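Trainee: I'd like to learn how to read helix packing in a model. Can we work through a case together?

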Amino acid sequence: MSQDRNTQPKKRGRPPSEAAQRRALEVAHDILMAEGFGRLTIEAVAARSGVGKPTIYRSWANAQELAMAALLVSPMPEAEAKGATADVALNAQMRGLVTAFASTRGRQITMALAAADPESEFTKAFRNQVILSSRNAGRGILEQALARGEITQPIDLEALLDMIYGPVFFRLLVGHRPVSLEFGDAVVATALRAVAPSGV
């Protein structure tokens with residue numbers, strides 16, 4: 001089992017329903033977009049969503065984790081469609097990432113991250129809810145594509161995942177070049193070319 005999957009602590013109690021998680025995320029997203037990071041609290045989300053605080057805490061350790069997850073809330077039907085190819089699913093996920101961090105709140109969070117202590121709860125939340133969650137979702141997409149024979153076995157799956165997500169987070173934190181939809185598409189295309197079956 002990969003190290004990434006063991007990074008986040010296991011939650012106690014019965015897993016919350018997907019509907020409750022979705023309600024909490026949608027309300028958190030609305031608060032984040034309308035009022036900003038500082039106004040997003042577990043209490044406010046619970047009150048407005050009708051989802052109990054214990055249920056919210058079973059999915060997210062604190063308000064910072066919830067905020068990071070909420071930033072990425074966007075419908076991605078291509079990625080969720082059964083049997084979606086790797087390029088469709090990865091491009092949908094990448095476009096969600098790029099769109100989220102191109103927003104005003106996303107840029108504010110990026111600037112705050114650049115100045116944050118690497119061991120702060122804020123930075124840990126970004127690592128768990130954005131970086132590791134994105135990589136784990138990408139791992140699932142690639143494993144399914146491999147099982148279908150859509151891609152060849154990579155030399156190192158972890159290195160391939162770094163090739164996909166590393167450039168995005170590097171540009172976000174360093175800020176030397178813009179993070180655009182075209183850039184996200186190019187990253188996915190370049191990475192998948194490395195594992196394309198011969199003759200494709």
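**Helix packing, confidence and a charged pair**

Mentor: Sure. Keep in mind that this is a predicted model. In it, Ala86, Ala89, Leu90, Gln93, Leu97 and Phe101 of helix 7 touch Phe126, Val130, Ser134, Ala137, Gly138, Ile141, Leu142 and Ala145 of helix 9. Sorted by class, that contact has 11 nonpolar, three polar and no charged residues.

Trainee: At what angle do helix 7 and helix 9 pack?

Mentor: In general, a packed pair of helices is described by the angle between the axes and the distance between them. Here helix 7 (residues 86-102) and helix 9 (residues 121-147) pack at about 165°, and their axes are 9 Å apart. Angles over 145 degrees count as roughly antiparallel, so helix 7 is roughly antiparallel to helix 9. Their crossing is left-handed.

Trainee: Okay, and which elements have the lowest and the highest mean pLDDT?

Mentor: Helix 1 (residues 3-7) has the lowest, 43, and helix 3 (residues 42-49) the highest, 97. The chain as a whole averages 86, with 86% of the residues scoring at least 70. Watch residues 1-10, where pLDDT stays under 50, and residues 75-79, where pLDDT also stays under 50.

Trainee: What about charges? Which residue forms a salt bridge with Arg48?

Mentor: The general idea is that oppositely charged side chains can pair when their charged atoms come close. Arg48 pairs with Glu35, the closest N and O atoms being 3.1 Å apart. That salt bridge links distant parts of the chain, with Arg48 in helix 3 and Glu35 in helix 2 (residues 18-35), 13 residues apart. The count of salt bridges comes to eight.

Notes
Residues are numbered from 1 along each chain as its sequence is written. This is a predicted model: local features need pLDDT of at least 70, side-chain atom pairs count only at pLDDT 80 or more; totals for chains, interfaces and linings use all residues. Side-chain values use heavy atoms; hydrogens and water are left out. Axes are lines fitted to C-alpha atoms, for helices over the stretch in contact, and angles run from 0 to 180 degrees between N-to-C directions. Helices (H or I, at least four residues) and strands (E, at least two) are DSSP runs, numbered from the N terminus. Angles under 35 degrees count as roughly parallel, over 145 as roughly antiparallel, 65 to 115 as roughly perpendicular and the rest as oblique. A crossing is left-handed if the near helix is turned anticlockwise from the far one by less than a right angle, and right-handed if clockwise. Contact means heavy atoms within 4.5 Å. Ala, Val, Leu, Ile, Met, Phe, Trp, Tyr, Cys and Pro count as nonpolar, Asp, Glu, Lys and Arg as charged, and the others, Gly among them, as polar. pLDDT is the predictor's confidence in each residue, from 0 to 100. A salt bridge is a side-chain nitrogen of Lys or Arg within 4 Å of a carboxyl oxygen of Asp or Glu.
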